[in-house]
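User: I would like to go through the labels used for this model and see what each one rests on.
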Amino acid sequence: MTRIITFCRVFFALLVLCQTSFSIASENGGTNWPLGVNTVVPAILIPPGATELYSYTAYYSADSFRGNDGKSSLPDFKLDVFVQALRVVHTWDVKTESGVGFSSGAILSGGRNSLEVAGLKDHKSGFNQIYLTPLYLTWSPTPELHLLTGFSAFIPLGNYDRKDLVNTTSNYASYVQEFGLTWLPTPAWEFSASPTFSFNQKNDDTNYKSGNIFNVDFNVGYRLPMNPNWQVGLAGHYTKQFTDDQFDGHDVPGGNRLSKVGIGPQAIYYFNPATAVVFKWLTETSVKNGPKGNSLWFEFALPL
């Protein structure tokens with residue numbers, strides 16, 4: 001009887017797990033924003049009249065799901081996610097007298113998710129979402145300091161079934177206010193931060209609404225004196241959910257508020273200012289109400 005009760009509790013918990021995008025978000029305090037993605041000069045976009053292609057490839061693996069006390073809360077948990085995303089940004093050939101620039105962007109992502117828990121297994125492949133930013137505003141008050149802001153939307157794509165153990169799409173929209181700051185005090189050093197506020201909408205298939213999320217991606221980078229095409233540094237993210245999850249319009253007991261920190265090494269090779277490849281590895285710590293794991297990233301950017 002005890003094993004039956006335990007199985008039912010696990011199965012109910014899995015019904016509200018919806019894995020999506022780089023962040024491996026779930027309805028237990030999840031986020032559509034790809035945690036740790038924006039760690040490369042986030043406040044600097046391409047010059048007026050130019051178009052840039054960005055590619056993001058990420059593999060995430062987690063071997064535990066942490067509860068509100070930070071301890072493992074699901075038995076025999078194993079999550080593997082592979083994601084590929086393509087982003088296009090165009091900067092309009094116009095600037096204000098004060099130097100404010102205008103850009104627009106879109107991202108399409110898809111991948112494959114595999115989940116094992118309590119002896120159950122499932123995997124899915126398909127689209128995740130499309131991310132639209134109608135307008136970025138950029139401004140450089142000094143040659144060393146660069147600022148960015150933009151309002152964006154995640155629109156879910158792909159098939160979703162609330163009865164499945166795992167899905168590739170979250171099945172709910174999110175509206176995101178982005179900010180970016182990049183400070184280049186010397187030609188060798190970069191200090192960047194990219195704060196975001198994500199406002200999540202309800203998943204109509206489960207009647208579950210994830211709480212809103214604050215996240216900041218960051219990077220401290222240093223160009224090697226012997227070969228300044230290489231930048232090495234420390235990158236990561238800090239994530240904190242600041243409103244409770246809701247089910248059927250009521251706050252979930254305990255809130256299910258996601259929190260985690262990811263940090264690790266990052267290396268960038270610049271072929272020129274507009275073309276580069278990025279490698280990074282992030283490990284998560286201080287995780288509550290979410291999976292705890294590691295992510296490996298490969299990114300590149302090139303002009304179109």
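Analyst: This is a predicted model. Start with Y54: leaving aside neighbours within four places in sequence, Y54 is in contact with L45, I46, A85, L86, R87, V89, F300 and A301.

User: What makes these pairs contacts?

Analyst: Contact means heavy atoms within 4.5 Å, so each listed partner of Y54 meets that cut-off.

User: Which residues have the most contacts inside the largest nonpolar core?

Analyst: W33, L45, Y54 and Y131 do, in a core of 20 residues. β1, β2, β4, β5 and β16 each supply at least two residues of this core. The largest share, three residues, comes from β1. A second, separate core of twelve residues includes A62, L74, V117 and L165.

User: Why is T91 called buried?

Analyst: T91 has a relative accessible area of 4%. Buried means under 20%, so T91 qualifies. T91 sits in strand β2.

User: How do you know that T91 and S103 make a polar contact?

Analyst: Their side chains are joined at 2.8 Å. The cut-off for such N or O pairs is 3.5 Å, so the distance fits. A polar atom of the T91 side chain also lies 2.9 Å from the backbone oxygen of I46.

User: Why does W189 count as partly exposed?

Analyst: W189 is at 36% relative accessibility. Buried ends at 20% and exposed begins over 50%, so W189 falls in between. W189 lies in strand β7.

User: What makes W189 eligible for a nonpolar patch on the surface?

Analyst: Patch residues need over 30% relative accessible area, so the 36% of W189 passes. L181, W183, F191 and V220 join W189 in the patch, with about 420 Å² of accessible area together. β6 and β7 each supply at least two of the patch residues.

Technical notes: Residues numbered from 1 in each chain as written. Predicted model: local features only at pLDDT ≥ 70, side-chain atom pairs only at ≥ 80, totals over all residues. Heavy atoms only, no water. Patch = residues over 30% accessible without salt bridge, like charges linked within 9 Å, V, L, I, M, F, W, Y side chains within 5 Å. Areas by Shrake-Rupley, 256 points an atom, 1.4 Å probe, with all protein chains shown as cover. Salt bridge = Lys/Arg side-chain N within 4 Å of Asp/Glu carboxyl O. Helix = DSSP H or I, 4+ residues; strand = E, 2+ residues; numbered from the N terminus. Buried < 20%, exposed > 50% of the residue type's maximum accessible area, 1.4 Å probe, protein only. Polar contact = N/O pair within 3.5 Å; in protein donor to acceptor, adjacent residues only side chain to side chain. Core = buried A, V, L, I, M, F, W, Y, C linked by side-chain atoms within 4.5 Å.
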